[in-house]
Amino acid sequence: MASKLQAAALNFNSWLASEFGGEYRIDSDFGVAIQMSSFSHDQAKLVYAAQSVDPKIASIIDKLDDRVSERTLGDTKYAFNVLFVEQACNRPGQANKVVEFIRAGTETAGEIERVIFKEREKPKFKPAQIVAEMRKRGFKWFNMATHIVLWRQLDAKNPKNGFGVELADNQWYYYDTWVSKVTEYCEKTQADLSSGGGAEITK
């Protein structure tokens, strides 16, 4: 979301210059946002973790990203992304913080772009697909009722947990992270059953 808002601001600035002349650009007055108080790295992570986007808006953005070409996704006029890399200083007192900017077109930038695009297009699964996959892996006792109990116990439909997303069709779709969690549960339960641990299974 932030990358698209940044791109929109840059596009607006370019439009002002093209329509009314360079003297009307606003980047000379609003070149950078200034943080007036310092905060630690951990505090920064908490600030970003507290930010949330309505699931329906997020699903619309996901669907839009899925439909545009890879070339468009990599265009800074569509989404402007900046990568910050934490790096230790060579000498004490050299700097309080180091921000490393990766130049576009370099091998490193290309690798970062590849990873970002791969993360953007997360595969999504319906509950029936997950149940079928678990049974295919040999957990014949796993059924839809078991899955319902499990997602309720782990609050899997809470967007903050990152297990899935509700799309525009008002259906909940799970990510690979949830499939891994279900697999972990099935393996543990299967081991308990094999050892006579008395694991309870919802049927």
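Start by selecting R137: with a relative accessibility of 42%, this arginine counts as partly exposed. Keep in mind as you go that you are looking at a predicted model. Now add E133 to the selection. Its relative accessible area is 27%, so E133 is partly exposed too. Show both side chains and you will find a salt bridge between R137 and E133, with 2.9 Å between the closest N and O atoms.

How many salt bridges does the structure hold? There are two, and the next stop is the other partnership, D192 with K188. Here the closest N and O atoms are 3.4 Å apart. Both residues belong to helix α8, where they sit four residues apart, about one turn of the helix. Colour the pair by accessibility and the partners part ways: D192, at 25% relative accessible area, is partly exposed, whereas K188, at 55%, counts as exposed.

Stay with α8 and display the whole helix, residues 176–194, together with α7, residues 144–153. The two helices pack at an angle of about 110°, and their axes are 12 Å apart. That angle makes α7 roughly perpendicular to α8, since 65 to 115 degrees counts as such. To see where they touch, pick T146, H147, L150 and W151 on the α7 side, then W178, V182 and Y185 on the α8 side. Which kinds of residue make up this contact? Five are nonpolar, two are polar and none is charged.

Next, turn to the aromatic rings. The structure holds eight aromatic pairs. One of them joins F12 and W15: the ring centres are 6.1 Å apart and the planes meet at 20°, so this pair is stacked. Both residues lie in helix α1 (residues 2–20), three residues apart, about one turn of the helix. Are these rings buried, exposed or partly exposed? F12 is partly exposed, at 43% relative accessible area, and W15 also counts as partly exposed, at 41%.

For another stacked pair, select Y174 and W178, whose rings are 5.5 Å apart centre to centre, with 25° between the planes. Y174 and W178 are both buried. You have already met W178 as one of the α8 residues that meet α7.

Finish with Y185, another α8 residue at that contact. Add F139, W141 and F142 to the view: together with Y185, these residues form one aromatic cluster.

Technical notes. Residues are numbered from 1 along each chain as its sequence is written. This is a predicted model: local features need pLDDT of at least 70, side-chain atom pairs count only at pLDDT 80 or more; totals for chains, interfaces and linings use all residues. Side-chain values use heavy atoms; hydrogens and water are left out. Axes are lines fitted to C-alpha atoms, for helices over the stretch in contact, and angles run from 0 to 180 degrees between N-to-C directions. Angles under 35 degrees count as roughly parallel, over 145 as roughly antiparallel, 65 to 115 as roughly perpendicular and the rest as oblique. Contact means heavy atoms within 4.5 Å. Ala, Val, Leu, Ile, Met, Phe, Trp, Tyr, Cys and Pro count as nonpolar, Asp, Glu, Lys and Arg as charged, and the others, Gly among them, as polar. A salt bridge is a side-chain nitrogen of Lys or Arg within 4 Å of a carboxyl oxygen of Asp or Glu. Buried means under 20% relative accessible area, exposed over 50%, partly exposed in between (1.4 Å probe, protein chains only). Rings of Phe, Tyr and Trp (its six-membered ring) pair if their centres lie within 6.5 Å; planes under 30 degrees apart count as stacked, over 60 as edge-to-face and the rest as tilted.
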